[in-house]
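Biologist: I'm new to this one, so could you walk me through a few of the labels people use for it?

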Protein chains: 2
Amino acid sequence: MSAYDELMAFQRDTHALAEVTGRLGWDQETVMPRGAAEQRAEEMGVLSAMLHDRRTDPRVGDWLAAAEPADDVQAAQLREIRRGFDKARKVPGKLASEIARVTSTAQGVWAEARAADDPKPFLPILDRVVALKRDEAQALAEGGDPYDALLDDYEPGATAATLSAMFDALRPRLVALRDAAMDSDVQPAALTGRFDPEAQFHLSRELAGAFGYDFTRGRIDRAVHPFSSGSGDDVRITTRTVETDPFNCLYSTIHEVGHATYEQNIDRAYLMTPLGGGVSMGVHESQSRIYENQLGRSRPFTGWLHGRMAEVFGDPGLDADAFYGAVNRLHRGFIRTEADEVQYNLHVLLRFDLERALIAGDLAVGDLEGAWNDRFAADFGYPIDRPSNGFLQDVHWSVGLFGYFATYTLGNVYAGCLNAAMRAAVPDLDDHLAQGDTAPATTWLRENVQRHGGLYAPRELITRACGTAPSEAPLLDYLETKFGALYAL
Amino acid sequence: MSAYDELMAFQRDTHALAEVTGRLGWDQETVMPRGAAEQRAEEMGVLSAMLHDRRTDPRVGDWLAAAEPADDVQAAQLREIRRGFDKARKVPGKLASEIARVTSTAQGVWAEARAADDPKPFLPILDRVVALKRDEAQALAEGGDPYDALLDDYEPGATAATLSAMFDALRPRLVALRDAAMDSDVQPAALTGRFDPEAQFHLSRELAGAFGYDFTRGRIDRAVHPFSSGSGDDVRITTRTVETDPFNCLYSTIHEVGHATYEQNIDRAYLMTPLGGGVSMGVHESQSRIYENQLGRSRPFTGWLHGRMAEVFGDPGLDADAFYGAVNRLHRGFIRTEADEVQYNLHVLLRFDLERALIAGDLAVGDLEGAWNDRFAADFGYPIDRPSNGFLQDVHWSVGLFGYFATYTLGNVYAGCLNAAMRAAVPDLDDHLAQGDTAPATTWLRENVQRHGGLYAPRELITRACGTAPSEAPLLDYLETKFGALYAL
């Protein structure tokens, strides 16, 4: 066997082990008996250690040095393997396992602190997590910018500087749009009533199918938090139902279907290889958001959904235009995951700035709550009422996800670019959406984005798909047009 | 760290990896999307290879040589580790992976052959499985008896000679009892009607709880075949529902609860160690069968169940005595898993004799169907009507399980011994069972059998629990008394 073939065979087994770990994560969130938590933590620890051993195995370095790619695909495979190997080797094993251990505990402490609305017990361990992530960032950066090194884990090639420039351009126009809409005399009404959870779940499965989710290679279950997990031929999603808010279930399902079909639609030649997954968190989020928002919350698609909901739940008491308003209406709120399309990114930008300050050492964990509350009041115009509505709302920092939040907004920006290109390429898209037919859209996304897996770097992928480099302009134009019309601005 | 501690730490990780493999097996039979089969096979292959590497790791041999046990428990741990290590090392890696590969394919071929009722496509690969298992048996036996070497995998210490003596004593009395019952003027009626599958499933959960199953450390799902999987704090079972036969669901659940509570009730000090599982397949089956038969199919317990079923499904059309008859009635049939308590062991004895002949080389795979059909007609008095009712009915041989069938009957024999001892120790057991209260029985079994895990060898465990060495006599006495009364013999 050539060095390339030996390396790929080794990687394939590593990939299989990683898939197994992911599957156990799914199990834990959906079906695991609660008394199994401690035993499962031990099993996960063993798998993590084995994965770390494989990812830092010196033979990988030898194979990488000797391997000669025969074509662009092989070159991309080697690029991805080298990226992972270099990263894994830079972080001392002791630090990696300390981070795994501390964040595993911190997540439980965070959950209790949030439930009790009391940050005090959480602050010491969050302080420890930040210190460990700073150490990791410095090890990864090797003299470069530590925060950029963390970003690179989720969005290869992204830097705080380029993201900041993009986010600085987004913020004023989002704030202006939000303020104008909130001040408008036109205010869409909310949907009210009770909606049978079983029927919601059933309809969400129908929507998943309508957006191209392949149930023979996946399944939908209920869980506390909606998520997508797995790759290749076993990509599962979860959803949840709230009796008074069917949009929660329906749109979080469409969102997760965006993530899941990205994984399902990758070229089968890349299955079980380093190219066989979504290329970055930002590109992943672009798929979930374009499915959810630019397609799912469009006037034509909500017109079709309005009809289906009337069939399933009876007269919603709103006509199709008012239903579209109810789906898209702006509303006050503290929680990122419940935010509307306009304000969502303001939540992300707040977190991006605060976590950069934490990693830079410019903000102490003890001052985090105050900094959060000040910034929220400045950006949203009303004060945080309690910590669980403020800096305790997200799990991310407790589990060490620094550098992750930015990819949510980057995903929205990518979705804006892709939406503009897709609509230029498929002029009659709205006619199809009005029939509940997403195929022309999902086919365009599969062909131009999803099938490539990790072949192209994120910016290159979006640039190839759109014909221009990513920019925040299309997203802003789309939002201003959509909400300008809805609020008669 | 001492050699003992190092060895135990290594074993703990191996155990965790084995648990993970078992959990994926559960996933595969219950929730896995059907399109994921190929990917899952690859993941399982990687885990199997890693497990084999760990089980044959030369360091285990070094630690075993250096370790000094501080007490009986440590001595038992070392005994179990040595047993596994010696076995794993005797089988060449190439043979082990060839067996894994061929049996994985053979299972699918068998399933198709059974569904099509056509043995032809299955015979060549079964021939290959038998040849491989003969090679494995010879490698394990190192000059001793090959079939005994296979038996030892499932029932340490058992030999074909001692089992044969026991089975030879069973057979004539079982046949005589069956013939007398079938010829009797008294014939209990069967339960008829339709029973809502959801209500069956719900009632089976209630029965699981009544038999002490801990739902905080387990769960019940539906699957094609009932099974129990996992150990320690995550022991899951499956059941199935047949609308016209509620006993199928209820009694297979009680059976699996016997397996599962055995695992759940092992001393927590043994968790994640070689002593932390049931000691043998025979002892495991003794727990499932005593729960199902000596307890669950007893007159007092069925009296309670009769009342519960009337509450759940309405009047069954049978009084409590007739209901007891319906639960226990003997009936003609081809299928082992559907056999009554008297005839079940005759099915096992047939397989035991045929598979010994296959492994000894005295019976060719091409002659297996004829040999099966001749023996069945001799033992049961009517001919096999088609292969799926004959030698194609069980999955075992296709997946290489030679030496396993005998443990079913051995489990019944152990259950007979334990039942006699338990009834002597708990004189008012029937009063409790009549109230649906199994606690005195399950407590006795937990204390005398289950909590010990792998501490004592199987025969020693049963001898300690019963005060006498295992024998087939108590089982035969129990069956003759029970069915003698039921059939007025």
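Modeller: Sure, let's begin with Arg171(B), which is partly exposed at a relative accessible area of 30%. One caution: this is a predicted model, where local features need pLDDT of at least 70, side-chain atom pairs count only at pLDDT 80 or more, and totals for chains, interfaces and linings use all residues. Residues are numbered from 1 along each chain as its sequence is written, chains are lettered from A and ligands numbered from 1 in the order in which they are written, and side-chain values use heavy atoms, with hydrogens and water left out.

Biologist: Why is Arg171(B) called partly exposed?

Modeller: Buried means under 20% relative accessible area and exposed means over 50%, with partly exposed in between (1.4 Å probe, protein chains only). Arg171(B) has 30%, so it counts as partly exposed.

Biologist: And what makes Asp379(B) buried?

Modeller: Its relative accessible area is 4%, which is under 20%, so Asp379(B) is buried.

Biologist: How do you know that Arg171(B) and Asp379(B) meet in a salt bridge?

Modeller: A salt bridge needs a side-chain nitrogen of Lys or Arg within 4 Å of a carboxyl oxygen of Asp or Glu. Here the N to O distance is 2.5 Å, so the pair qualifies. The two residues sit 208 residues apart, in helices α8 and α15 of chain B.

Biologist: Why is Arg194(B) called exposed?

Modeller: Arg194(B) has 62% relative accessibility, which is over 50%, so it counts as exposed. Arg194(B) also forms a salt bridge with Glu243(B), at 3.3 Å between the closest N and O atoms.

Definitions and conventions:
Helices (H or I, at least four residues) and strands (E, at least two) are DSSP runs, numbered from the N terminus.
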